Amino acid sequence: MANDVTYQRDDFAKALPDWTLVDDICAGERVIKAKGTTYLPMPNPKDQSEANRARYQQYTDRAVFYNATGRTLQGLVGAVFRRAPTVDIPAGLEYLTSDANGNGVSIYQQSQSVVAAVLKSGRRGLLVDYPKTEGQTSKAEQQAGLVRASIVSYPANQIINWRTIKVGGVHRLGLVVIRESYEEVTSDGFGIEEKTQYRALKLIDGRYTVEIWRSGNTGTWVIHDTYTPLDGAGKAWDIIPFTFVGAENNDSSIDRSPLLDLANLNKAHYRNSADYEDSAFFVGQAQPWISGLTENWRDHMEKQGIYIGSRSPILLPDGGAFGFAQVEPNTLVKEAMDQKEKQMVALGARLIERGSAVKTATEAQAENESEHSVLSLVAENVSEAYTQAIQWVAQFQNVQADTEYKLNQDFAESNLDAQMLTALVNAWQSGRLPSSDLWANLRKHGVINAEKTDEAIREELDSEEPEPGLNDE
């Protein structure tokens, strides 16, 4: 259909159910149970009676959702941010450390959510957004915060369409369409109504152009606003300042969700739990029984009532008997749950259960490297995307300097002991280790603030005066 800004790519539509599944599983029990039969099928779906629907509600209420996926996600993000990112942001861009997206979210906080999103969906988008300007921006406008570039993060399920084109020998994005929401105040001036719009990022004749599409009076989508962003020198951009962030690489193709297998297993574990809790409710309690009663004795006991307990003896006729029937434990469902928990551990759910087997240092190190290989790749991809985004921000702010934003990829606890520290310092003092390598090692192990650059450390050391008496004979 012509001018159909709502068009969704086939690969987007195919990936969307997987993204929804992982998002819901990570969100936890409230979201999972609210979606009812989506994640927990009704035992007798053909029976739509009120009694069966009430029975299903009880079946759902008793089920326990054990959120291994959500806890694994928290643990993985925590491992990346156990140490602060290495940040090299030049003067003039310091505002990114406190307000990267224009809504008060710092680049540190935003990158945490991006790492989590890539682990869940295998995909995220970063757009460097620019205000409308008529020409070159002044330093005064920038310092006053009147014109600033911002880094906006978009989830995978909002980036519905994209296309690459070949410019010279390089493939570049020629189109990106993002589904967004905006707010309108209701006619009474009190309420807020949320509506949908589409942001189309285009390269038109080599110039980056933004189109905002909204629903018109006839129900069709029309261009509400269009503009051509300019850089700090007042020139049009010849690229779309948007980058994908993936679990495998940062190209435009959709990467598989790193947590998808774990989420599917978590869903199956939830269904096992529903069956287990349901059977425990119906047959888990002991059932008292009496035999050898005559009809007269039966009627007498029904009239007087039967009380069970050590202070209430039960009088029975000759040959009568009393006892409890207890169902033998059915371990099949419980075994299925236990097996899935072990499988979730194997898939990366480290927060569920830690292995009790004793491992050598070599085995533990090899296991750790294998376990974090996907996480390391995600951290590297996010680092590269943010480094690129900061460079685009610098170009708008007329800042000429190298930039870097690098996330921690050392997920093991620091093994820098006193002996190793002494060896590093001795090598540096003897001239066998450059200062930059010493500082890099100390940053790696958390001895030096990871945000301090070599230049900052050198300036700090030069500005400090020696303690009185240290050089006295």
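**Exercise 1.** In this predicted model, classify Asp278 as buried or exposed.

*Solution.* Start with the number: Asp278 has 11% relative accessibility. Next, apply the cut-off: buried means under 20%. Asp278 therefore counts as buried.

**Exercise 2.** Find which parts of the chain the salt bridge between Arg62 and Asp278 ties together.

*Solution.* First, check the contact. The closest N and O atoms of Arg62 and Asp278 are 3.2 Å apart, and the cut-off is within 4 Å. Then place the partners: Arg62 lies in helix H3 and Asp278 in helix H7, so the pair links parts 216 residues apart in sequence. Last, take the accessibility of the arginine. Arg62 has a relative accessible area of 21%, so the residue is partly exposed.

**Exercise 3.** Repeat the analysis for Arg55 and Asp278.

*Solution.* The closest N and O atoms are 2.9 Å apart, and the two residues form a salt bridge. Arg55 sits in helix H3 (residues 50–62) and Asp278 in helix H7 (residues 260–283), so this pair ties together parts 223 residues apart in sequence. Arg55 is partly exposed, at 28% relative accessibility.

**Exercise 4.** Describe the salt bridge between Asp299 and Arg298, then name the residues that shared partners join into one network.

*Solution.* In the Asp299–Arg298 bridge, the closest N and O atoms are 3.0 Å apart. Asp299 is partly exposed at 37%. Arg298 is partly exposed at 38%. Now look for shared partners: salt bridges join Arg55, Arg62 and Asp278 into one network.

**Exercise 5.** State how many salt bridges the model has.

*Solution.* Apply the within 4 Å cut-off. The count comes to 14 salt bridges.

Conventions:
Residues numbered from 1 in each chain as written. Predicted model: local features only at pLDDT ≥ 70, side-chain atom pairs only at ≥ 80, totals over all residues. Heavy atoms only, no water. Salt bridge = Lys/Arg side-chain N within 4 Å of Asp/Glu carboxyl O. Helix = DSSP H or I, 4+ residues; strand = E, 2+ residues; numbered from the N terminus. Buried < 20%, exposed > 50% of the residue type's maximum accessible area, 1.4 Å probe, protein only.
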